[in-house]
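Q: I have a sequence and its model open in front of me, and I'd like to talk through the cysteines and then the packing. Can we start with the cysteines?

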Amino acid sequence: VERAKRAGCVVLYQITTVAEAIEAASAGADILIAQGQEAGGHVGPEPLARLLPAVTQTVPDRPVLAAGGIVDGEGLAEVIHMGAAGACLGTRFLATHEAPASAGHKQAIVEAKAGSTIRSPMWDLIWGRPWPGVEVRAIANAITDRWADRPSEVLAHRDAIRARLETAIRADEVAEMDLLAGAGVGRI
């Protein structure tokens, strides 16, 4: 943070707990992004509806942006009503023509229904980057059906699973890919 500030940057710091918000504010972050567990990709432990008000009350001198499951104006209005200064949207923009996601991933986002995502530590285990206490939210598909609830087996078969994942990504085979997406996919 200090180095970025010396370079004249505005520092945005994404947090998933109140303790992280306090630490980020103490380090000098200009804007906090409160990311609820509804977000796509790596998520923390708290739902946005609980995290956002706690952060805005604990660190009232910083603007707080909300992230996690927000995909439309209604979601934006809701988080502003809860005290956010604005929102960060991820999955909504991942489905755009300009995003670097594959065509299959974008189509999976557009076709997803409410409740189509799951949180699991399996992706970090497959990728070989375990991150204790953090899970990854993605659209449920054949690979998550097979491995999401079997972490010890994922570790035992990681090389084969990862090789199959890489093949699926190259082929844009959505049933076997890591389709990172937030819980708001059903409204896109």
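A: Cys 9 is partly exposed, with a relative accessible area of 40%, and please keep in mind throughout that this is a predicted model.

Q: And Cys 88, how accessible is that one?
A: Cys 88 also counts as partly exposed, because its relative accessibility of 26% falls between the 20% limit for buried and the 50% limit for exposed.

Q: How many disulfides are there, then?
A: The count comes to 0 disulfides. Cys 9 is in no disulfide, and its nearest cysteine sulfur, that of Cys 88, lies 17 Å away. Cys 88 is likewise in no disulfide, with the sulfur of Cys 9 as its nearest at 17 Å. That separation does not qualify, because a disulfide needs the two sulfur atoms within 2.5 Å.

Q: OK, switching to packing: which residues have the most contacts inside the largest nonpolar core?
A: That core has 18 residues, and those with the most contacts inside it are Ile 15, Leu 32, Leu 52, Val 55, Ala 66 and Val 79.

Q: Which helices and strands supply it?
A: At least two residues each come from α2 (18–27), β2 (31–35), α3 (48–58) and β4 (64–67), and the largest share, 4 residues, is from α3.

Q: What is Val 79 in contact with?
A: Setting aside neighbours within four places in sequence, Val 79 is in contact with Leu 48, Leu 52, Ala 66, Ile 70, Ala 84, Gly 86 and Ala 87.

Q: What about a second core?
A: A separate core of 13 residues includes Trp 123, Val 136, Trp 147 and Leu 165.

Conventions: Residues are numbered from 1 along each chain as its sequence is written. This is a predicted model: local features need pLDDT of at least 70, side-chain atom pairs count only at pLDDT 80 or more; totals for chains, interfaces and linings use all residues. Side-chain values use heavy atoms; hydrogens and water are left out. A nonpolar core is a set of buried Ala, Val, Leu, Ile, Met, Phe, Trp, Tyr and Cys residues joined through side-chain atoms within 4.5 Å. Buried means under 20% relative accessible area, exposed over 50%, partly exposed in between (1.4 Å probe, protein chains only). Contact means heavy atoms within 4.5 Å.
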